[in-house]
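Here's a quick briefing on the chain you're about to see. Have a look at the fold, then run through the notes below.

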Amino acid sequence: MMFNSNHVDIDILSTRAYNLRWATLPKGVIPLTAADPDFPVAPPIQKALKEYIDGGYLSYGPAEGLPQFKDAVARDYKIKNKVAYDSNCILPVDSAAFGIYLCCKALLKPGDEVIIFDPVDFLFKYSAEKVSAKTIAYQTPQKNDAFDFNELSSLINSKTKMICLCNPLNPTGKVFTREELLTLAEVVAKHKDIIVLSDEIWSDIIFNPNTFNAFANIGHVFDQTITVTGYSKSYGLAGLRIGSVLCPNEMIYNQVFESSLHQSTVHGTNVLGQIAATAALNDAQHWLSSFVAHLHKMRDLAVQKLNEMPGVSCKHPEGCYVLFPDITQTAYTATELHENLLEKARVAVVPGLPKWFGSAAEGNIRLSFATSEELLTEALDRIHNFLESHK
Ligand SMILES: Cc1ncc(COP(=O)(O)O)c(C=O)c1O
């Protein structure tokens, strides 16, 4: 059992896990907040980092990234998604978040329009706005899980330059079907100057019987697709700030590379992050399968427990290790529930606020379940008890 409470070191987490988690909260509060696992990284990653450090040198790496990292990303992507990216067109970046920003910086001009799903993680909107592009919300289907991307075509005009796809979708856990993505690809194929920015950071965290389909492998829009991914979710490497941008051709790669400032050493991707992610991709796949098996159990346990709580209704996420229950039938708004749970139940959750996930997130809270069964059960029991006694 690699994922029980013996493997969650709260003492260490309390000094290292920031971003709304252990190190930022009073002792005793269980943080089901930022999607960052409570488990230490896989042994092969620890070994690779130790060996590199034991070598004694922490010199500059190559501006385009370490060849072994680029090869590992290309190989892993080909094995998992049957898409052959040229490793020369893969750029390591300081996190998936920064990769999203770099793509926006490289490809958008002020006033260009970017279509962004609502709800979705805030990073797309944040990045597009940072380069003065205009974001257009695509209100995703609420009740019915099926997406009809034909509806999205009505949002496209001559200023539309990018569509941001988050697959699997944080925070709802939606995993897009091949058919849904084919419809999107058909829409995109009609507009040759539109790029799809496909954020696939969650693509390893998929629960059977759902399957992941990479957008780069759908239809005939490979040249219009940039894939961004990262290693924070699957491998717990968030603190190393490491991700990658997979470009369809040299032209787009050069644009992203230039905007990265890596060639000047003003920026550059930390070598240790690349070493850790290379080990993760090459040597931690067995560990990853066990992690996903654990998460599958935690998902089922948590969904059942949430649906037993008064006023709470929760669907099974198809991917991602976050739950996004509807809390509109409780006596609380998302912000009130978040505050009450923190103070009275000693559990931290993320309120479904527009600033985190878009306006459609209202009436929901988000909970991460990348923890042990013991901690998850304790946290959910505390929430249940709070809601029972405050109906
Ligand atoms: C959809 C999505 N993209 C990107 C990120 C950021 O990942 P990173 O730590 O690599 O910046 C997250 C993290 O929550 C995410 O959920």
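His267 touches Ser260, Leu261 and His262, leaving aside residues up to four places away in sequence. This is a predicted model, so keep that in mind as you go. The notes start at His267, then move to strand 7, the ligand shell and the two domains.

**Around His267**
- You'll find His267 in the loop that runs between helix 8 (250-260) and helix 9 (271-283).
- Is His267 buried or exposed? Neither, quite: His267 is partly exposed, because it has 15 other C-beta atoms within 10 Å, while a buried residue would need 20 or more and an exposed one 12 or fewer.
- Ala63 sits 204 residues away from His267 along the chain, yet 8.9 Å is what separates their C-alpha atoms.

**Strand 7 and its neighbours**
- Strand 7 covers residues 225-230, and 6 of its 6 residues are buried.
- In a regular strand, side chains alternate between the two faces of the sheet.
- Here both faces are covered: one side has Thr225, Thr227 and Thr229, the other has Ile226, Val228 and Gly230, and all of these are buried.
- Which way does strand 7 pair with strand 6 (residues 195-199), parallel or antiparallel? The pairing is parallel, over 4 bridges, and Leu197 stands opposite Ile226 of strand 7.
- With strand 8 (residues 243-246), strand 7 pairs in the antiparallel sense, again over 4 bridges; here Thr227 faces Leu246 of strand 8 as its opposite number.

**The ligand shell**
- There are 14 residues around the ligand, and the ones that come nearest are Ser95, Ala96, Ala97, Gly230 and Ser232.
- Gly230 therefore turns up twice in these notes: among the residues that come nearest the ligand, and on one of the covered sides of strand 7.
- By class, the shell splits into 7 nonpolar, 5 polar and 2 charged residues.

**Two domains, one chain**
- The chain divides into domain 1 (5-42 + 285-389) and domain 2 (58-283).
- Taken over C-alpha atoms, the domain centres are 26 Å apart.
- How many residues of each domain are in contact with the other? On the domain 1 side there are 26, and on the domain 2 side 29.
- Helix 10 (285-307) and helix 12 (354-357) each give at least two residues to the side of domain 1 that touches domain 2.
- Helix 10 supplies the largest share of that side, with 5 residues.
- That side of domain 1 has 17 nonpolar, 4 polar and 5 charged residues.

Conventions: Residues numbered from 1 in each chain as written. Predicted model: local features only at pLDDT ≥ 70, side-chain atom pairs only at ≥ 80, totals over all residues. Near = placed C-beta within 6 Å. Nonpolar A, V, L, I, M, F, W, Y, C, P; charged D, E, K, R; others polar. Pairing = 2+ DSSP bridges. Domains from an automatic or database assignment. Contact = placed C-beta atoms within 7 Å.
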